[in-house]
Every structure is written in structure tokens, then in C-alpha cells.
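I opened the notebook to look up the voids in this structure and one of its strands. Short entries follow.

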Amino acid sequence: YYGTMATQTKPVLYGYFRSSCSWRVRIALLLKGIAYDQVPVNLIKDGGQQLTEQYKTLNPMQQVPAMCIDGITLSQSLAIIQYLDETRPGPRLLPAEPKQRAQVRMICDHIVSGIQPLQNLYVLQKIGTDKVEWAQHFIIRGFQALENLLQQTSGKYCVGNEISMADVCLVPQVYNAERFKVDLTPFPTIKRLNQTLLEMEAFQTSHPSCQPDTPADLRV
């Protein structure tokens, strides 16, 4: 099944319902109104379906997401989102103005490089210490800086008043923070932006509680 995907006309997203990296791509697809198919890759079942040789051909890092689109296979969520932005119509996810574009990339890198990898499943499985305490430490440290950045860049959304790739990255990271019981009170800008974004259909439909592979007890 994996090997046939590049021939499909609709993009195919390989992901996991609770993966924030997969969720970013789902949000971008929905914001742009792109029809797509999903193939679940369960990160826990059978020791981790991402670790199979079959999946490794799609993503050599054995992570989610991967996407088969336009006859190529892409991994890394920001690379996928930027490809969608450059090849598909719909709302622009990177601003035209260079300074704002740089701010969007700065916020995205802050989240996808500086926070999320330190509390992802693979890292938590490898550490011997208290997993929740570890995750909280790095999320809080990252959010302290992110709150400061967003106070300078935000309007209605993360950068000004147009939705961007920064917003696409923010909401899944706040979801992670809530899963690890981080108190968001010290981060009013992050809280405000997250609440605004969760009112939008693309963020609701793409939510981990609404995916084909979401366990029944986690559905809403």
C-alpha cells in the first residue's frame, strides 16, 4: 500500500492523530481547501509502525508525517507546508513582506526546533527521568521566549492580522503543553492566539480528537 501512493491523484498524508507535526500539515491542507487522503501510522502499536522497513522507504528518519504529492514524497512538516504554499492557491501561509516572512519563520523554528523535539515521543522514551517534568521544563522555557516574541509580532494572529505558518505551528504546541499539564496563565498572548485559532474550522477539523485513527475514548 505504501508503494502505490505516489501514483494517486490526491495527496496522501501519512501521520498519527496526536503528532503535532502531522497536525500542522492537516491544518495547512484544510486552510487551503486541499482534498487529501490519510494513512495512519501508529507510533505506539506493534512497537511503532514508523519503524518498519516499509515506512522507512517513505521517511528515512522514521518519523511522521510523510506526504506523497505530485509524484514526489516529502517529509518534515515545514517543508511540506511550504511546498503546498508555493504550489497551491488559497490563503498565503508565508507573508509577502520580507520582515514579516522572517518573523513567521522565526516563530516556526522556535517551536519546531526549540520546543517540540525536546518533548516528542522518541525523546521521552529515551530519557530515564520523570517524563512529565522533563516535558514541562522545555515547554515552559520555550513558551517564556515565545510569549515575548508574540507580544512584539502578533495582531489578531501570530504575525499581524493574517494567518500564517506560525499559527499552524502554535496550536499543536499549545495542545502538547496542555497534555503535559503546563499552566498557561503566565502566557496570555499564547493563550489568546490559541483560543482565536481554535474557533476556525480548519483548526477544529484537523484536531487530534477528530481523525480517522483517533481512539474512540479520545473522540469528541
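Before I split any lining by element, I fix the term: strands are DSSP runs of E with at least two residues, numbered from the N terminus. I also note that this is a predicted model.

**Entry 1: the cavity**

I asked how many cavities of 30 Å³ or more the structure holds. The search gave 1. I then looked up the volume of the largest cavity and got about 40 Å³.

Which residues line the largest cavity? I listed Gly 15, Tyr 16, Phe 17, Arg 26, Gln 38, Val 39, Pro 40, Pro 212 and Asp 213. Strand S2 gives the largest share of this lining, 3 residues. By class I noted 5 nonpolar, 2 polar and 2 charged residues.

**Entry 2: strand S1**

Next I turned to S1, which covers residues 12–15. I recalled that in a regular strand the side chains alternate between the two faces of the sheet. In S1, Val 12 and Tyr 14 point one way, while Leu 13 and Gly 15 point the other way. Are these residues buried or exposed? I found all of them buried. Gly 15 also appears in the lining of the largest cavity.

I checked the neighbours of S1 as well. S1 and S2 (residues 37–40) run parallel, joined by 4 bridges. Strand S3 (residues 66–69) runs antiparallel to S1, with 3 bridges between them.

Val 12 has a bridge partner on each of these strands. In S2 the partner is Asp 37. In S3 the partner is Cys 68.

I also logged the connection from S1 to S2. Together with helix H1, the two strands make a β-α-β unit, and the unit is right-handed.

**Entry 3: the pocket**

Last I looked up the largest pocket. Its volume came out at about 840 Å³. I counted 36 lining residues. Which of them lie nearest the centre? I wrote down Leu 43, Gln 116, Asn 120, Leu 121 and Tyr 122.

I then sorted the lining by helix. At least two residues come from each of H1 (20–31), H3 (77–87), H5 (121–126) and H7 (165–179). H5 supplies the largest share, 4 residues. H1 thus turns up twice in my notes: in the pocket lining and in the β-α-β unit.

By class, I noted 16 nonpolar, 16 polar and 4 charged residues in the pocket lining. I also looked up the domains. Domain 1 (13–90) and domain 2 (98–204) each contribute at least three residues to this lining.

Definitions and conventions: Residues numbered from 1 in each chain as written. Predicted model: local features only at pLDDT ≥ 70, side-chain atom pairs only at ≥ 80, totals over all residues. Heavy atoms only, no water. 1 Å grid on protein atoms, 1.4 Å probe; cavity = no way out; pocket = protein on both sides within 12 Å on 5 of 7 lines; lining within 4 Å. Points joined across faces, edges and corners; volume = space filled by probe spheres on them. Nonpolar A, V, L, I, M, F, W, Y, C, P; charged D, E, K, R; others polar. Domains from an automatic or database assignment. Buried < 20%, exposed > 50% of the residue type's maximum accessible area, 1.4 Å probe, protein only. Pairing = 2+ DSSP bridges. Right-handed = clockwise from strand over helix to strand, strands pointing away.
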